[in-house]
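Work through the two exercises below with the sequence and the model at hand, and try each task before reading its solution.

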Amino acid sequence: MPGHDAQTVHAEGLRGTNDAILAQHCAAEGRAIVTLDLDSPHIRAFPPAASAGLIVLRVRDQSRPHVLKVMTAVLQKLEREPLPGRPWIATEAGVRIRGT
């Protein structure tokens, strides 16, 4: 599995930033957004056509080991499916790609 360059909003100095600014920052760097935030209207804030991708993790347990387990499935799917242009929803049951 190839490596991935990932950053956190905290490391980028964007913690607490509104979605529009975060979307602009990620688009400028060509970064996909991976989020556990279920309260935001992600599809509107991060239009798939204008971003490197969006992955929403809808998990009951947000502990680090559990999220990493779900992300393992996401990364396996990423080897076979393109991310840009289609939002992904990842749950314990699997990964659903909207628009397919």
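The exercises treat a predicted model, and they turn to a pocket and then to nonpolar cores.

**Exercise 1.** Describe the largest pocket by its volume, and state which elements and residue classes contribute to its lining.

*Solution.* Begin with the space itself: the largest pocket has a volume of about 1,400 Å³. Next, consider its wall, which is made up of 39 lining residues, and among these Gln7, Thr8, Ile33, Val34 and Thr35 lie nearest the centre of the pocket. Then assign the lining to elements: helix 1 (19-29), strand 1 (33-35), strand 2 (54-57) and helix 3 (64-78) each supply at least two residues, and helix 3 gives the most, with seven residues. Finally, sort the lining by class, which yields 19 nonpolar, 12 polar and eight charged residues.

**Exercise 2.** Identify the residues of the largest nonpolar core, trace them to their elements, and examine the contacts of isoleucine 55.

*Solution.* First list the members: this core has 12 residues in all, namely Ile55, Leu57, Val59, Val67, Val70, Met71, Val74, Leu83, Trp88, Ala90, Val95 and Ile97. Then trace their origin, for strand 2, helix 3, strand 3 (88-91) and strand 4 (94-97) each supply at least two residues of the core, while the largest share, four residues, comes from helix 3. Now take isoleucine 55, which, leaving aside its neighbours within four places in sequence, is in contact with Ile33, Val34, Thr35, Val74, Leu83 and Trp88. As a last step, look beyond this core to a second, separate one of seven residues, which includes Leu22, Leu54, Val56 and Ile89.

Terms used. Residues are numbered from 1 along each chain as its sequence is written. This is a predicted model: local features need pLDDT of at least 70, side-chain atom pairs count only at pLDDT 80 or more; totals for chains, interfaces and linings use all residues. Side-chain values use heavy atoms; hydrogens and water are left out. On a 1 Å grid over the protein atoms alone, a cavity is a set of points where a 1.4 Å probe fits but cannot get out, and a pocket is an open set with protein on both sides within 12 Å along at least five of seven lines; lining residues have an atom within 4 Å of a point. Grid points are joined across faces, edges and corners, and a volume is the space filled by probe spheres set on the points. Ala, Val, Leu, Ile, Met, Phe, Trp, Tyr, Cys and Pro count as nonpolar, Asp, Glu, Lys and Arg as charged, and the others, Gly among them, as polar. A nonpolar core is a set of buried Ala, Val, Leu, Ile, Met, Phe, Trp, Tyr and Cys residues joined through side-chain atoms within 4.5 Å. Buried means under 20% relative accessible area, exposed over 50%, partly exposed in between (1.4 Å probe, protein chains only). Contact means heavy atoms within 4.5 Å.
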